[in-house]
Amino acid sequence: MKLHVTEEVAEWYKEELDIDDTNQLRFYVRYGGSGGRIPGFSLGVRVDSPYEAFITCKAGGLTFFIEAKDAWYFDDNNLYVRLNQNKDEPEFVYD
């Protein structure tokens, strides 16, 4: 599995969450929401520190990660997080 976050998304999160390069952001599986890879589940994001990181990546000075306990959700799919220019918000693309 690969995790790729664009520089534009990193800057968007810094502005929206009022954080700086010292922060780490976790993508986690949550019950509910829409647009997820598995119906009934979606991804959330929060400022956090890794406990048992499954995968990490750096973008815009931030570290993004997914914990091992959430790896099941991706089922060996890659996650690309990019900025949707029309909505001016991040979008998650799985392949």
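I took two rings of Phe, Tyr or Trp (its six-membered ring) to be a pair if their centres lie within 6.5 Å. On that basis I looked for an aromatic cluster and found one formed by W12, Y13, F27, F64 and F92. I note here that the model is predicted.

**Entry 1. Aromatic pairs**

I counted the pairs by this rule and obtained 9 aromatic pairs. I then examined the pair of Y13 and F64, which is tilted, with 6.1 Å from centre to centre and 55° between the planes. Y13 belongs to helix α1 and F64 to strand β5, so I recorded a link between distant parts of the chain, 51 residues apart.

Are Y13 and F64 buried or exposed? I looked up both: Y13 is buried at 5% relative accessibility, and F64 is buried at 0%.

I next turned to Y73 and Y94, whose ring centres are 6.1 Å apart. Their planes stand at 70°, and because planes over 60 degrees apart count as edge-to-face, I entered the pair under that class. Y73 sits in the loop between β5 and β6, while Y94 is in strand β7 (residues 89-94), so this pair ties together parts 21 residues apart in sequence. I found both Y73 and Y94 to be buried.

I also checked for a charge over a ring and found R46 over the face of Y28, at 4.6 Å from the ring centre.

**Entry 2. The largest nonpolar core**

Which residues touch the most other members of the largest nonpolar core? The core has 23 residues, and I identified L3, V5, F27, F64 and L79 as those with the most contacts to other members. I listed the elements that give two or more residues to this core: β1 (3-5), α1, β2, β4 (53-59), β5 and β6. The element that gives the most is α1, with 4 residues.

I followed L3 further, leaving aside its neighbours within four places in sequence. L3 is in contact with F27, I55, T56, C57, F64, F65, I66 and L79. I noted that F27 and F64 are also members of the aromatic cluster.

**Entry 3. E67**

I located E67 in strand β5. E67 has a relative accessibility of 6%, so I recorded this residue as buried.

What does E67 touch, residues up to four places away in sequence not being counted? I found R26, S49, P50, Y51, E52, A53 and F54. For Y51 I looked up the polar atoms as well: the backbone nitrogen of Y51 lies 2.8 Å from a polar atom of the E67 side chain. I also looked up R37, which is 30 residues from E67 along the chain; the C-alpha atoms of E67 and R37 are separated by 17 Å.

**Entry 4. N84 and the β6/β7 hairpin**

I found that β6 and β7 run antiparallel and are joined by 6 bridges. Across this pairing, R82 stands opposite E91 in β7. The two strands form a hairpin with 4 residues between them, and I noted a positive phi of about 50° for D88 in the turn.

I then looked up N84, which is in strand β6. N84 has 14% relative accessibility; the limit for buried is under 20%, so N84 counts as buried. The side chain of N84 reaches the backbone nitrogen of N86 at 2.9 Å. Apart from neighbours within four places in sequence, N84 is in contact with E89 and E91.

**Entry 5. Positive phi in two loops**

I looked up backbone angles because most residues other than glycine have a negative phi. What is the phi of D18, which is not a glycine? I read a positive value of about 55°. D18 is placed in the loop between α1 (7-17) and β2 (24-31). At 70% relative accessibility, D18 counts as exposed.

I made the corresponding check on D75, whose phi is positive and near 45°, this residue too being other than glycine. I located D75 in the loop between β5 (62-67) and β6 (79-84). Y73 lies in the loop between β5 and β6 as well. Is D75 buried or exposed? With a relative accessible area of 52%, and with exposed meaning over 50%, I entered D75 as exposed, whereas I had entered Y73 as buried.

Key
Residues numbered from 1 in each chain as written. Predicted model: local features only at pLDDT ≥ 70, side-chain atom pairs only at ≥ 80, totals over all residues. Heavy atoms only, no water. Buried < 20%, exposed > 50% of the residue type's maximum accessible area, 1.4 Å probe, protein only. Core = buried A, V, L, I, M, F, W, Y, C linked by side-chain atoms within 4.5 Å. Contact = heavy atoms within 4.5 Å. Polar contact = N/O pair within 3.5 Å; in protein donor to acceptor, adjacent residues only side chain to side chain. Phe/Tyr/Trp six-rings, centres within 6.5 Å; stacked < 30°, edge-to-face > 60°. Lys NZ or Arg CZ within 6 Å of the ring centre and 35° of its normal. Pairing = 2+ DSSP bridges.
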